[in-house]
Every structure is written in structure tokens, then in C-alpha cells.
Amino acid sequence: MVTGSKEKIVIQGLSPDHYTSDHFLYALVANHSVSWAATNADKVVVSIGELSYDPSEQNLALDSWISKYLRSTDFSGVFVAMRSCDLVLIPNAFYDFKNAAELLKLSSGKVQSMLSFNVARLSATLVFGVDQVEVDFFQRVFRGHKMIPSQGLMIDALLKHNRFDRNPQIVIDVHGGKCDFSVVGHSKLLLVNSFDFKTDEDILFYTANVVKQLALENEEISIEACGEITDKQLELFREYFESVNRFVGYDQPTLAADIETNCRHTTLLNIISCAS
């Protein structure tokens, strides 16, 4: 662990000092932190790291550290995703920038900068609100590489897996006091949304509402959770739903033998899978 002011850096595996131009870098920006994974040419994960910071500070040490270890290496490829809880999915036939901005404002209740991502499998565009200062900072860090929403990549992965007629699947990504819901079934995206939560019961409440809203049958659905999901939360879910499991994605590289570690980093690992 390396510390500087209120920043915290944790690295497992290969030290960034040993990154070379043969490596690929995958990064996820979310909740005042950036997590990353480095892979070799065969897309085997050789290192994973996480760096958290205080957005109220100038973070000069953060900029210096990232510049030295992540920006200085001439990677074979760099892929950056950003997590956002303000999302609007718009059919491409009705999409234009001005209307998208208005829809995002109506949905989130605030005016904010936005980025977009084309979900080709849906013929739709996912618009997501962002902190422009944070976007500008990390675009400088990662040399202007385009940022894409991690939820867009998750939707794409779920639709690819559910392109055949499968029963509904509710995927819940728990992170930093928020839970992202992606629901697919019968070859369709049924819902995508994000909620704030304070208690385990809040997540259960939102899940029950999603099931009710979509008129899903308990015996037909599977609930799969990833990110910061806990054993206690999973046990609570199993009191009300028949099929509840940890979610580790599809065709993704693994970090460890235990499912908990891979589950925690599902969103980051999904970037590797989709970018590959």
C-alpha cells in the first residue's frame, strides 16, 4: 500500500514498475477511485490495483503517481470505463444531442455534462451523466482515450449471453452505497437503473419493486449480484427468492481461485472481456 495525503493505493500482482509496451491497461473510474488491471498479450491478468482519492484536494500526488506508472508506459492498448448512476437509454431513431441532454436532466433532476455509448445490440444510445472535472482529469491521465460507461459494457455482455430465449436474469452491481440493476430476459433488455441504499433491506426493497414492476415470476428469475455484495446480503435475498448467486460475468479472466475476489471485480474484468 502506498499513501499520499488522503489517497490510498493498493496493488496486487506485478508492480507497475514492470509494465511494458506488451501490456494492456483496463481502467474503471468510479466513486472517487480508479481501479485497473494490466494484462499480458494473451489477456492474462498480471496485476490489479486500486487508487482512491479525495476529490476536494488538488491530488498532485495522485497525478504524479499515475503519470509515473500508468501514463508513462506505452501500452499496447488502453481501455477506460466510467461508472455513472444517471443513465438514459434512447433509441437511435430518436437520438440527438439536445434532446438527450434534456432527457438526462429530466431523469436526474440536474444539469450535468454527459457522455454517450452506442449499444449496437439494442440500436440505442446510452447517455450518462458525468463530473466534467473528473472526466477532464482522467482523459489527461489516459492520454485522451475515450471514456465509456461500464453499465453499457455490462448491458452488451448480458444481451450477448441472453441472445437466445432465456428466463429473466437480474444482475445487481453493488458499489459505494449504490446498486446498479440490469435485467434481461427472453432476448431483451427489460430494465436498467441505479439506486442509492443505506441498508441491506433497501437493496431487497428495490429488487422486489423491480420484480413487481416487470411482472416477473419468482420461480422463473435468477438474481445474481457482484461488486461489494456481502454474504449477509445474499442470505437475506435467499429468504425471499429461489435462485440467488454471486455473478462473475461471462468469458472473463479470473483473478483468484475464490469466487468472492472475482465477484468483487466483475465490472472491471468485464471491460477486459468486452474490449477483447
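D180 lies in strand β12, which covers residues 178-185, in a model that is predicted. D180 counts as buried because its relative accessibility is 6%, and buried means under 20%. The side chain of D180 makes polar contacts with the side chain of H175, at 2.9 Å, and with the side chain of S194, at 2.7 Å. The points below begin with the surroundings of D180 and then turn to other parts of the chain.

**Surroundings of D180 and H175**

- Not counting residues up to four places away in sequence, D180 touches R83, C85, Q151, V171, I172, D173, H175, N193 and S194.
- H175 belongs to strand β11, which runs over residues 169-175.
- Is H175 buried or exposed? H175 has a relative accessible area of 3%, so it is buried.
- Which side chains form polar contacts with that of H175? The side chain of R83 does so at 3.4 Å, and the side chain of D180 does so at 2.9 Å.
- Apart from its neighbours within four places in sequence, H175 is in contact with N31, R83, C85, D180 and E228.
- R83 and C85 are among the residues that D180 touches, and both are also among the contacts of H175.

**Q151 and helix α4**

- Q151 is located in helix α4, which comprises residues 150-161.
- Q151 is classed as buried because its relative accessibility is 5%.
- A polar atom of the Q151 side chain lies 2.2 Å from the backbone oxygen of S84.
- The side chain of Q151 also has a polar contact of 3.3 Å with the side chain of S150.
- Once neighbours within four places in sequence are set aside, the residues in contact with Q151 are M82, R83, S84, C85, L87, L126 and D180.
- One of these residues, L87, is 64 residues from Q151 in sequence, yet their C-alpha atoms are 9.0 Å apart in space.
- R83 and C85 appear here among the contacts of Q151, as they do among those of H175.

**Positive phi angles in two loops**

- Most residues other than glycine have a negative phi.
- K43 is not a glycine, but its phi is positive, at about 65 degrees.
- Where is K43 found? K43 is placed in the loop between β4 (33-39) and β5 (45-52).
- K43 is partly exposed, with a relative accessible area of 23%.
- A215 is likewise not a glycine, and it has a positive phi of about 55 degrees.
- The loop that holds A215 lies between α5 (200-213) and β14 (222-227).
- A215 counts as exposed because its relative accessibility is 63%, and exposed means over 50%.

**E220, in the loop between α5 and β14**

- E220 lies in the loop between α5 and β14, which is also where A215 is found.
- E220 is partly exposed, with a relative accessible area of 38%.
- Leaving aside neighbours within four places in sequence, E220 is in contact with N167 and P168.
- How far apart are the C-alpha atoms of E220 and S15? They are separated by 45 Å, and the two residues are 205 residues apart along the chain.

**Helix α8**

- Helix α8 consists of residues 266-275 and is mostly covered, with seven of its ten residues buried.
- The buried residues of α8 are T266, T267, L268, L269, N270, I271 and I272.
- In an α-helix there are 3.6 residues a turn, so residues three or four places apart point the same way.

**The chain as a whole**

- How many helices and strands does the chain contain? The chain has eight helices and 15 strands.
- The radius of gyration of the chain is 19 Å, close to the 19 Å that the globule rule gives for 276 residues, so the chain is as compact as a globular protein of that length.
- The C-alpha trace spans about 50 × 45 × 35 Å along its principal axes.
- Of the 276 residues, 49% are buried.
- Among contacts with a separation of 6 or more, 56% are between residues 24 or more positions apart.
- The accessible surface comes to about 13,600 Å², and carbon and sulfur atoms account for 50% of it.
- The chain has 24 positive and 35 negative charges, and the mean positions of the two sets are 5 Å apart.

Methods:
Residues numbered from 1 in each chain as written. Predicted model: local features only at pLDDT ≥ 70, side-chain atom pairs only at ≥ 80, totals over all residues. Heavy atoms only, no water. Helix = DSSP H or I, 4+ residues; strand = E, 2+ residues; numbered from the N terminus. Rg over C-alpha atoms; globule rule 2.2 N^0.38 Å. Buried < 20%, exposed > 50% of the residue type's maximum accessible area, 1.4 Å probe, protein only. Contact = heavy atoms within 4.5 Å. Areas by Shrake-Rupley, 256 points an atom, 1.4 Å probe, with all protein chains shown as cover. Lys, Arg positive; Asp, Glu negative; His and termini not counted. Charge placed at Lys NZ, Arg CZ, Asp CG, Glu CD. Polar contact = N/O pair within 3.5 Å; in protein donor to acceptor, adjacent residues only side chain to side chain.
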